Amino acid sequence: MSFLSDMALEQTEIEVVYRAIELWCEEIGADIDSADGRDVATVLLGLYKTGHTSEAALLAAMRRINPEGS
């Protein structure tokens with residue numbers, strides 16, 4: 001049960017992560033509902049949970065770990 005509570009987000013947090021997913025998918029030319037989109041969502045959620053709590057911080061972290069994507 002601890003894992004589920006660790007993953008729980010407030011509505012405003014969901015909106016931040018979702019917008020970052022949309023922006024990154026747009027940047028790399030991936031459909032948000034594709035396998036690539038789901039992979040992006042997983043990575044961005046992990047980044048959010050490790051302290052990257054704004055769209056800008058999430059996208060900057062993605063660019064550092066996946067420079068080919070930008």
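**Contacts, core and salt bridges**

Me: Which residues does Leu47 touch, not counting residues up to four places away in sequence?
Reply: This is a predicted model, where local features need pLDDT of at least 70, side-chain atom pairs count only at pLDDT 80 or more, and totals for chains, interfaces and linings use all residues. Residues are numbered from 1 along each chain as its sequence is written, and side-chain values use heavy atoms, leaving out hydrogens and water. Contact means heavy atoms within 4.5 Å. On that basis Leu47 touches His52, Leu58, Ala61, Met62 and Ile65.

Me: Which element gives the largest share of the largest nonpolar core?
Reply: A nonpolar core joins buried (under 20% relative accessible area; exposed is over 50%, partly exposed in between; 1.4 Å probe, protein chains only) Ala, Val, Leu, Ile, Met, Phe, Trp, Tyr and Cys residues through side-chain atoms within 4.5 Å. This one has 14 residues, and Leu47 is among those that touch the most other members. Two or more residues come from each of H2, helix H3 (35-49) and H4; helices are DSSP runs (H or I, at least four residues) numbered from the N terminus. The largest share, five residues, comes from H2.

Me: How far apart are the closest N and O atoms of Glu27 and Arg63?
Reply: A salt bridge puts a side-chain nitrogen of Lys or Arg within 4 Å of a carboxyl oxygen of Asp or Glu. Glu27 and Arg63 form one, linking helix H2 to helix H4 (residues 55-65) across 36 residues. Their closest N and O atoms are 2.7 Å apart.

Me: Is Arg19 buried or partly exposed, and at what relative accessible area?
Reply: Arg19 meets Glu22 in a salt bridge (3.4 Å, N to O). Both lie in helix H2 (residues 11-28), three residues apart. Arg19 is partly exposed, at 35%.
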